[in-house]
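Here are my notes on this model, set out as numbered points. Please read them with the structure open.

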Amino acid sequence: MKFGPLDLPSLPALALPRLPLSAFRRRIVFHGVFLLLALAVVVLALTLLAEEKQRARERYEAGFRQTLSTMAAQLRHPTGQLALINADAAAPSGAGLTPVVLPFSALDYSDPFKARQAVEMSGCAVHWPDDGGQLCVGVGNSAYAGGVVYLVADLVLPPAVAREPGTLDLGVVSHAVIRADTAQGTERWVAPFEAPGDAPAQDGEGGLRGRLTGFRGEGAALVKGSLPVRDFRGWLWQEPGCALPAEALPGCTRRTLLSLRVPIESWRQALYTALSRHWPPADLNQTRLRLQWLGADGRMLFDSARADAVLPFSLQHLGSTLAGGEVLRIERLGSGAPQLVTQLRGQDKGIEVAAPWLTRLILRLPSADTRTQVQAQETVATSSGRYQLSLSGELASVDRDLSAGATRMSGFVGAMLAAIALAWLVIEVGLIRRVATLTKRAAALRYNMQDPQIERRLGELDVSDLGGRDELGILANTLATLLERIKEGARREHIRNEQERDMWHAVGHEIMSPLQSLMVLHGDAADPSHRYVHRMQQAVRVLYGSASPSEAITSASVEMDTLDLNHFLTHVAVNAPYAGIQNVVFDAAGAPVWVQASEHSLEDVVTHVLRNADRYRPAGSPITLTLDDRGAMAGFAIHNTGPAIDPERLESIFEYGVTDASAPGESRGQGLFVARTYMAKMGGTITAANANADGGVRFVLQLPRATPRASA
């Protein structure tokens with residue numbers, strides 16, 4: 001049953017061969033390049049992190065020691081000494097200011113220059129930025145000062161109105177109100193501004209000065225007959241010019257200095273009644289002083305309890321400069337063991353967020369510095385004693401700070417890796433994978449070239465998913481089109497071979513009939529024609545009774561027998577003229593040469609070689625047969641004179657269908673193929689070589705030797 005083009009049975013899928021490693025070499029190189037590129041980015045990032053970690057540690061240690069030197073310089077300054085003396089000072093509250101211990105035993109409150117200089121040098125003033133006012137509340141560092149507290153205020157106030165002698169109403173004069181809250185209770189004073197004696201309040205340069213006389217209690221009026229506090233002292237000085245250039249005299253505000261010495265009764269009693277004088281007072285940190293200044297119209301012009309005060313320098317300010325993980329320990333040195341003054345610990349600012357995994361990675365990065373902490377010490381000598389500053393810092397905090405910066409940069413590294421991955425994905429999906437698919441399909445097609453259905457297989461290279469307008473699409477479509485054409489050519493060749501086979505079968509059938517008649521006419525084996533008619537029948541059966549000439553020759557069987565090669569060649573040379581080959585010369589040997597061969601097949605071999613030699617030899621020149629009985633195999637040579645064969649074609653001339661179109665006569669490229677095939681079936685060989693000595697070509701045939709046949 002024959003199948004039409006649409007009725008062909010489906011074929012199984014092409015078997016996929018196991019491709020060698022070399023088939024994946026380009027793909028491996030491609031993946032390796034991208035892998036190395038990504039690895040290089042990661043290694044580069046880690047290397048830079050490790051180097052930056054080392055540099056950050058070095059910078060931190062240099063800055064660490066510089067920080068300690070800066071702190072020591074601050075503490076050597078009078079403001080720093082004041083902070084050391086008042087290390088445990090309490091923060092101000094709404095009730096007033098806590099007095100600080102001044103670095104000197106007493107303050108010259110009656111001299112404006114000395115009072116202002118003492119405040120500036122000690123740094124005890126609390127500032128109010130809105131109006132530029134400041135106030136220092138302090139006690140001397142010696143118990144002999146008499147249990148008093150000093151209040152020095154530098155303010156911007158309108159001109160003060162002095163109290164006239166005998167005036168009890170304080171609502172018409174400028175006055176100060178002082179309140180002291182101690183552990184023993186609350187003490188209050190009111191201090192109106194008074195001219196000094198009989199002198200006017202206006203000084204010689206246009207400024208204003210006068211006393212502040214203190215009375216116990218507080219209120220809008222003095223009690224008639226009340227006496228001033230004997231140890232209460234106070235002065236007021238106002239500058240002549242206006243504090244603000246935009247204001248105009250005479251009622252403009254002016255820079256005003258208030259300097260007061262206020263006796264605290266509970267402190268004085270403790271000093272004079274106790275067996276041992278203890279100074280500063282034990283309840284100093286619990287004491288709150290509040291100063292208020294009221295104008296002549298009763299308005300509150302200044303109140304020290306305002307909440308917008310800027311505190312003077314303290315040890316807590318040093319703590320704010322410490323980095324996370326740093327600890328500052330301040331100890332007072334003396335004759336005995338060091339006494340701890342304070343210990344400050346830096347707080348992690350926590351502004352930047354660091355990835356935890358990145359922090360752990362940086363902590364594990366190798367570093368030449370394997371320390372976990374750095375320490376430094378410095379001694380500060382002041383008028384109040386010697387202090388030792390010990391600063392310690394954790395290098396891990398540096399790594400954590402570095403991880404915060406590295407977290408920001410990790411986005412760029414991630415973007416680079418993402419770009420590499422995207423480039424790999426685009427090339428892999430858009431090109432490499434398509435190339436691999438085309439390679440596998442082409443390899444499967446090549447692997448199945450021996451398939452009996454190869455003519456149909458040639459068109460199975462499916463490139464529908466690989467087509468396109470790019471380079472690979474053009475290549476795939478071109479390859480598919482080429483295979484289609486090859487398939488079409490193979491189909492046409494198959495049809496031509498079928499037609500040729502049918503023709504030759506018909507020709508063979510027509511030739512066999514007269515050969516049968518000739519065989520009857522020359523049936524006697526002794527008849528020389530009988531031999532040639534028999535050979536013709538055998539040739540027709542071989543050539544025209546099989547599928548194709550090459551298949552027939554290849555599948556033909558050979559009947560082996562013992563043959564005298566010397567006698568056989570003598571017979572060939574004698575009968576060559578009957579085959580149309582003249583002047584074949586053979587010099588017979590003196591003894592038989594026995595070989596294993598088929599006489600008829602060997603005669604066909606020699607005849608085909610002689611015909612080729614006859615086609616190319618010069619007219620009238622001999623063809624020489626030479627017997628060679630010296631080797632392990634018996635052989636002979638057929639030599640003619642004439643043109644040589646191209647050395648590159650000495651092997652291909654034995655292939656089926658190879659012929660020389662320029663040679664005289666008609667040739668199908670079949671004779672030498674038959675010669676080599678028959679020689680192989682007989683266990684022999686045939687080779688061709690150019691005879692360099694006298695020109696021409698020399699065919700050498702060799703056959704296996706045989707045991708001599710017993711004589712009859």
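1. Val572 sits in helix α12. The model is a predicted one. Is Val572 buried or exposed? Its relative accessibility is 10%, so Val572 counts as buried, the cut-off being under 20%.

2. Next, the neighbours of Val572. Leaving aside residues up to four places away in sequence, Val572 touches Val606, Leu610 and Leu625. Glu603 is 31 residues away from Val572 along the chain, yet their C-alpha atoms are separated by 7.6 Å.

3. Now the helix as a whole. Helix α12 covers residues 565–575. Its buried residues are Leu565, Asn566, Phe568, Leu569, Val572, Ala573 and Asn575. Two of these are asparagines, Asn566 and Asn575. For reading that list: an α-helix has 3.6 residues a turn, so residues three or four places apart point the same way. Leu565, Leu569 and Val572 can be checked against this spacing, and each is buried.

4. What caps the N-terminal end of α12? Asp564 does. One of its side-chain oxygens lies 3.2 Å from the backbone nitrogen of Asn566. Asn566 is itself among the buried residues of the helix.

5. On to the cysteines. How many disulfides are there? The count comes to 2. With bonded cysteines counted along the chain, the pattern is 1-2, 3-4. A disulfide is a covalent bond between the sulfur atoms of two cysteines.

6. One disulfide joins Cys124 and Cys136, with sulfur atoms 1.8 Å apart. The torsion about this S-S bond is about -110°, so the disulfide is left-handed. The pair links distant parts of the chain, 12 residues apart. Cys124 is in the loop between α3 (112–122) and β2 (125–128). Cys136 belongs to strand β3, residues 133–139. Both ends are buried: Cys124 has 3% relative accessibility, and Cys136 has a relative accessible area of 1%.

7. The other disulfide joins Cys242 and Cys252, with sulfur atoms 1.9 Å apart. The link is left-handed, with -85° about the S-S bond. Cys242 and Cys252 each lie in the loop between β9 (233–238) and β10 (254–263), so the pair ties together parts that are 10 residues apart in sequence. What of burial? Cys242 counts as partly exposed, at 26% relative accessibility. Cys252 counts as buried, at 3%.

8. Then the internal voids. The structure holds 1 cavity of 30 Å³ or more. Its volume is about 30 Å³. Which residues line this cavity? They are Arg116, Val119, Gln134, Val152, Ala153, Asp154 and Leu257. By type, the lining divides into 4 nonpolar, 1 polar and 2 charged residues.

9. Which elements give two or more residues to that lining? They are α3 and β4 (148–157). The largest share comes from β4, with 3 residues. Helix α3 also borders the loop that holds Cys124.

10. Last, the overall figures. The protein has 14 helices and 23 strands. Of its 712 residues, 40% count as buried. Among contacts with a separation of 6 or more, residues 24 or more positions apart account for 68%.

Note on methods. Residues are numbered from 1 along each chain as its sequence is written. This is a predicted model: local features need pLDDT of at least 70, side-chain atom pairs count only at pLDDT 80 or more; totals for chains, interfaces and linings use all residues. Side-chain values use heavy atoms; hydrogens and water are left out. Buried means under 20% relative accessible area, exposed over 50%, partly exposed in between (1.4 Å probe, protein chains only). Helices (H or I, at least four residues) and strands (E, at least two) are DSSP runs, numbered from the N terminus. A polar contact is a pair of N or O atoms within 3.5 Å; within protein, one must be able to donate a hydrogen and the other to accept it, and residues adjacent in sequence count only if both atoms are side-chain atoms. A disulfide is a pair of cysteine sulfur atoms within 2.5 Å. On a 1 Å grid over the protein atoms alone, a cavity is a set of points where a 1.4 Å probe fits but cannot get out, and a pocket is an open set with protein on both sides within 12 Å along at least five of seven lines; lining residues have an atom within 4 Å of a point. Grid points are joined across faces, edges and corners, and a volume is the space filled by probe spheres set on the points. Ala, Val, Leu, Ile, Met, Phe, Trp, Tyr, Cys and Pro count as nonpolar, Asp, Glu, Lys and Arg as charged, and the others, Gly among them, as polar. Contact means heavy atoms within 4.5 Å.
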